[in-house]
Amino acid sequence: MKPSSYSARLNYICVTAALGGLLFGFDTAVISGAIGLVKSQFALDTAMEGWLVSCGLLGCIIGVLLTGIASDRIGRRKTILLAGIMFLVSGIGCAFASGFSMLVAARLIGGIGVGMASVVSPMYIAEFAPAASRGRMIAWYQLAITVGILLAYFSNAWLVSYSGTAFTNSTAQWFFGDEAWRPMFVMMAIPSVAFLALLLKVPESPRWLIASNQKDKARDVLEQVRSQEAAAKELDDIVLASQKAIAAPKSIFGASFRLPLIIGIVLAVLQQFSGINAIIYYGPSIFKSAGIDSSNALLFQVIIGAINLGFTIIAIKWVDKYGRKKLLAIGLSGIILSLVVCGFLFYTGKTQGIVLLIFMLMYIACFAFSLGPITWIVINEIFPTEIRVKAVSICTMALWVAVWIVGQFFPWLLENFGPAFTFWSFAVFSLINFIFSWKIVKETKGKSLEEMENVFIAPH
Ligand code: BGC
């Protein structure tokens, strides 16, 4: 095959897998626009509203667990397909829910899809990407998350503009005019169908094929995405690593995996304790409480979303050139500085001007080229194939639990201690992350997945 054909095939495979991130972003953001309408339609009290939002998270945790258990048995490809089916069922189920319980059940199913995709999409990319461009390719997944978030904002805003409109057709009246939250969810079915259709043409991961004794198939897959020479060399490396793992099986909780497991879990939790989701989702109301005219909350959401998307491209360009640690250090410095300044502005009551907006956007930009993508990159590249899915599931589970903790405590912190203290708390966690990333995280740029174990046994 010509080099252009195998790189096109590789891009097709990795972009398709990254679309799992788009559905992840869409699913988690769509609820922010739908919740108000659902709340008034079903007369939800605060507890029920909280339940509708958190059942998605519960689904994520179930999805991560299922993936940890199932993906080594059924393979990566079937697991991603299952995630795609969950997204589709959830989108349609939410849109046509006959009552609140059905809506909750359908959101739960969507959450399971998000949980599954959050483990298997970046992991599948890591198992396909050549060492020299693995960072960039996993960052596509993060880029897709940001696109999904932005698409959900636009689609919610567009649909809400039809809310209250008089339609001549009674079904259109019910669906678009009276219950505009329904089409918000059905929108998710469009990317889900595209995702499923594209997935039909992706192969199984070569690393999983070797781990399940299908060397010939693995060779065939590798030859679709590498030159013949590179495929042969990589095949030998994977087989060798697999033979070693079979000859001397190691427990995931044994000493050899302790360091990567600690790195994965700590990075996952601290990514969330930087307050990213609080700022993305409460950003517009933070501006409002700061006295900035927020008559157009959507405009702020879109600005935040667009900066988040745009700056992820920096990571795509630089993460394989300058490495994970450098980008993390620069990004985290910017994150800490902007959080400290935002806290200070609230502390001194100087929140009216443009400065607050600038520093909040600086925070998002710094997150987008560092902590956002690099957390996912590192989690998915540091473990050997024999334990990868289990270890990645543990780290991703930690991330979702941290999402939940921030969701529970952020409003409480804001109410009881005020925004200054809240921003500074996020700054302290980010400072811990800065020190941790600099001192403990190992540079993994350019190393193949099979070389990774040496990075941790003989760190440099
Ligand atoms: C995080 C999500 C966050 C998103 C924002 C991801 O890396 O894991 O929690 O919503 O970035 O872009």
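This briefing walks through the ligand site of the structure above and then a handful of residues elsewhere in the chain. Please keep in mind that the model is predicted. The ligand occupies the largest pocket, and the protein covers 98% of the 310 Å² of accessible area that the ligand has on its own. Three side chains, those of Gln142, Gln272 and Asn308, place a polar atom close to a ligand oxygen.

**Around the ligand**

- The shell around the ligand consists of Gln142, Thr146, Ile149, Gln271, Gln272, Asn277, Ile280, Asn308, Phe367, Gly372 and Trp376.
- Sorted by class, this shell holds seven polar and four nonpolar residues, with no charged residues.
- Gln142 brings a polar side-chain atom to 2.7 Å from an oxygen atom of the ligand.
- For Asn308, the distance from a polar side-chain atom to a ligand oxygen atom is 2.8 Å.
- For Gln272, the corresponding distance to an oxygen atom of the ligand is 2.9 Å.

**Helices that build the site**

- Two or more shell residues come from each of these elements: α5 (134-160), α12 (258-273), α13 (276-289) and α17 (371-381).
- The biggest contributor is α5, which gives three residues to the shell.
- Why is α17 described as largely enclosed by the rest of the structure? Eleven of its eleven residues are buried, so the surrounding structure largely encloses α17.
- The buried residues of α17 include Gly372 and Trp376, and these two also belong to the shell around the ligand.
- Also buried in α17 are Leu371, Pro373, Ile374, Thr375, Ile377, Val378, Ile379, Asn380 and Glu381.

**Two loop residues with positive phi**

- Ala43 sits in the loop between α1 (3-42) and α2 (46-74).
- Although Ala43 is not a glycine, its phi is positive, at about 45 degrees.
- Is Ala43 buried or exposed? Its relative accessibility is 62%, and the cut-off for exposed is over 50%, so Ala43 counts as exposed.
- Asn213 belongs to the loop between α9 (206-211) and α10 (215-225).
- The phi of Asn213 is near 65 degrees, again a positive value in a residue other than glycine.
- With 76% relative accessibility, Asn213 counts as exposed.

**A buried aspartate and its backbone partner**

- Asp320 is part of helix α14 (residues 297-322).
- Buried means under 20% relative accessible area, so Asp320 counts as buried at 18%.
- What does the side chain of Asp320 reach? It comes to 3.1 Å from the backbone nitrogen of Gly135.

**Two pairs of residues in sequence and in space**

- Ala8 lies in helix α1 and is partly exposed, with a relative accessible area of 43%.
- From Ala8 to Val225 there are 217 residues in sequence, and their C-alpha atoms are 8.1 Å apart in space.
- Gly59 lies in helix α2 and counts as buried, at 0% relative accessibility.
- Gly59 and Lys326 are 267 residues apart in sequence, and the distance between their C-alpha atoms is 35 Å.

Note on methods. Residues numbered from 1 in each chain as written. Predicted model: local features only at pLDDT ≥ 70, side-chain atom pairs only at ≥ 80, totals over all residues. Heavy atoms only, no water. Near = heavy atom within 4 Å. Polar contact = N/O pair within 3.5 Å; in protein donor to acceptor, adjacent residues only side chain to side chain. Areas by Shrake-Rupley, 256 points an atom, 1.4 Å probe, with all protein chains shown as cover. 1 Å grid on protein atoms, 1.4 Å probe; cavity = no way out; pocket = protein on both sides within 12 Å on 5 of 7 lines; lining within 4 Å. Sits in = over half its atoms within 2 Å of the grid points. Helix = DSSP H or I, 4+ residues; strand = E, 2+ residues; numbered from the N terminus. Nonpolar A, V, L, I, M, F, W, Y, C, P; charged D, E, K, R; others polar. Buried < 20%, exposed > 50% of the residue type's maximum accessible area, 1.4 Å probe, protein only.
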